[in-house]
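Here are a few exercises to work through with the model open beside you. Try each task before reading its solution.

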Amino acid sequence: MSRFWKWVLGIVVFLALLIIVLSYLIPNDALRRHAERQMNRHLTDYTVRVGRAYFHPVGLSLDLDDLVLIQNGIPDPPIANIKRLHASVHWRALIKGRLVGDFLIDRPKLHLNLKNVRKEAASETTLEQKGWQDALEAVYPLKIDVFRIRNGALTYIDQGPYKPLQASEIFLHATNIRNIFSPEHVYPSPVKLEATLFEKGKLTLDGHANFLQKPRVGFKGEVDLRGVDLGYFMPIAERQNLSVRKGVFSANGNMEFGPKNTEVHMKEIEFKNLDADYDLRPETMAKEKEQVEMATTAAKEMSNAPTSKIRVDVLKITQGTLGYMNRKTDPNVRIYADHIDASFKDFSNQLAEGPSEFQMRGRFMGSGDTRVTGTFRPESKNPNLGLKIAIDNTDMKAMSGIFQAYGKFDIKKGEFSFFSEMTIRNNLVQGYVKPIFKNMEVTDMRTPEQKNLFHKLYVGVVKVVVTKLLKNRPLQQVATETDISGPLESPSTNTGQIIVNLIRNAFFKAILPGFEREVSRGQQKQK
């Protein structure tokens with residue numbers, strides 16, 4: 001062996017011995033305090049507590065055990081517990097001449113509740129200023145090249161008696177995490193994430209990331225969700241006046257989240273056995289108006305936005321139930337369709353992508369064969385859509401609550417059908433609604449104690465009116481057609497809200513006004 005290599009070998013042995021000696025001379029508690037201090041020096045609004053620290057000279061690795069992360073504004077309970085943070089030399093990269101680190105976060109458990117989320121939302125410190133990336137890099141002198149999460153878990157607890165939102169068995173593996181900033185649209189780090197959502201659902205992310213991108217990590221790749229139970233989202237949905245009782249959600253596609261752009265291309269989205277209502281309550285009317293305005297503003301901003309591109313090839317609803325519950329009436333009114341099979345094709349927020357098509361089959365109020373078809377285009381200024389609705393032979397006993405609330409009488413039997421076509425272009429509505437009533441018989445279902453003389457007379461008049469309307473008509477039916485052509489009342493509203501309002505208003509205004517006019521005339525004759 002030459003003198004040069006003897007010197008090299010001697011230096012390596014000396015450094016190894018020095019490291020071993022120092023590892024025993026430096027108390028573990030001093031190492032713990034140093035790591036804790038280094039991490040907290042970079043964090044804002046949060047504090048880390050380290051339980052134990054160990055330096056292993058063989059392998060040049062560092063272990064931090066029993067870490068606790070506290071949100072300073074709400075210190076109890078802690079928002080995270082980490083069993084071990086392990087940092088070492090990435091030996092495979094060292095063979096290739098790169099001196100970088102390998103980080104493992106083992107069995108992390110993140111706990112969040114509604115108070116934590118609201119505190120974070122109210123913070124004036126941006127996500128970029130929180131210092132998460134800097135705090136992680138501060139505990140080990142080598143830059144991160146491999147980052148892993150093993151068997152992680154996340155729990156979110158909302159207010160009220162609801163099941164917590166849980167993700168478990170979280171495994172993340174990312175490599176080639178460089179300590180240089182990459183250009184826009186460049187994601188240098190292969191990454192794969194797998195997790196179990198709400199006991200049965202599965203999430204997989206497979207693509208490339210830019211972990212040094214701020215204020216958030218950038219990602220481009222494939223996403224796959226399978227069998228996600230929507231019942232867990234009940235507390236979040238209720239704050240949007242949505243009542244989601246059950247359903248299973250699945251989706252797959254591609255996405256890119258960059259610092260200045262977002263592109264989402266979902267190949268398929270499916271809701272199985274979805275059971276949900278839009279729940280209109282008196283105590284949330286002001287909030288509902290605010291939510292509609294916010295949704296409208298967001299929809300307008302997203303429509304044709306060059307930096308936010310969204311496309312869905314197919315969105316399906318299979319064997320679903322969707323309803324509208326109005327709790328402002330007495331009695332409360334629920335209008336719904338069940339056994340829904342629906343599909344939305346080629347949905348996009350970009351006008352250049354062309355029109356979107358949708359179709360639906362189902363049963364109105366549990367019995368009326370229902371068919372809905374339509375097309376619409378994303379517009380930044382004016383809505384543009386066409387809509388056709390056909391409902392055949394609904395059992396009117398199921399509509400009893402509607403007539404009690406809006407007509408102050410009840411239905412003993414009858415069949416109801418409804419047909420409508422409408423288009424909206426240049427803020428003008430053109431179309432019609434045509435309800436058909438067949439074999440209808442009016443009654444009063446209230447108990448004798450609930451009835452009074454005035455209401456007896458009222459129901460009596462309604463019975464006479466209905467009898468006259470159906471007398472001598474073919475098949476004992478009456479049909480009226482109402483034109484709904486004219487300027488759009490609220491052209492600034494988003495397309496979805498316009499469709500809901502048109503159907504709701506046209507439906508009620510077409511069914512009841514004939515009864516109200518005839519009843520008023522009958523009351524005048526009685527006097």
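The exercises below go from the whole chain to single residues.

This is a predicted model, in which local features need pLDDT of at least 70 and side-chain atom pairs count only at pLDDT 80 or more, while totals for chains, interfaces and linings use all residues. Residues are numbered from 1 along each chain as its sequence is written, and side-chain values use heavy atoms, leaving out hydrogens and water.

**Exercise 1. Describe the chain as a whole.**

Step 1: Start with secondary structure, taking helices (H or I, at least four residues) and strands (E, at least two) as DSSP runs numbered from the N terminus. The chain has 11 helices and 22 strands.

Step 2: Turn to burial, where buried means under 20% relative accessible area, exposed over 50%, and partly exposed in between (1.4 Å probe, protein chains only). Of the 527 residues, 42% are buried.

Step 3: Look at contacts (heavy atoms within 4.5 Å). Taking those between residues at least 6 apart in sequence, 60% join residues at least 24 apart.

**Exercise 2. Find out how confident the prediction is, and where pLDDT is below 50.**

Step 1: pLDDT is the predictor's confidence in each residue, from 0 to 100. Its average over the chain is 77, and 70% of the residues score at least 70.

Step 2: Residues 461-473 have pLDDT below 50, and this stretch makes 24 contacts in the model beyond near neighbours in sequence. Residues 513-527 also stay under 50, with 18 contacts beyond four places in sequence.

**Exercise 3. Place glutamate 353 in its surroundings.**

Step 1: Glutamate 353 sits in the loop between β14 (333-348) and β15 (356-364).

Step 2: Its relative accessibility is 43%, so glutamate 353 counts as partly exposed.

Step 3: Leaving aside residues up to four places away in sequence, glutamate 353 touches Arg311 and Ser348. Arginine 311 is 42 residues away in sequence, yet the C-alpha to C-alpha distance is 8.7 Å.

**Exercise 4. Classify the ring pair of phenylalanine 249 and phenylalanine 271.**

Step 1: Rings of Phe, Tyr and Trp (its six-membered ring) pair if their centres lie within 6.5 Å; planes under 30 degrees apart count as stacked, over 60 as edge-to-face and the rest as tilted. This rule gives 9 aromatic pairs.

Step 2: For phenylalanine 249 and phenylalanine 271, the centres are 5.2 Å apart and the planes are at 50°, so the pair is tilted.

Step 3: Phenylalanine 249 belongs to strand β11 (residues 242-257) and phenylalanine 271 to strand β12 (residues 262-280), so the pair ties together parts 22 residues apart in sequence.

Step 4: Phenylalanine 249 has 18% relative accessibility and therefore counts as buried.
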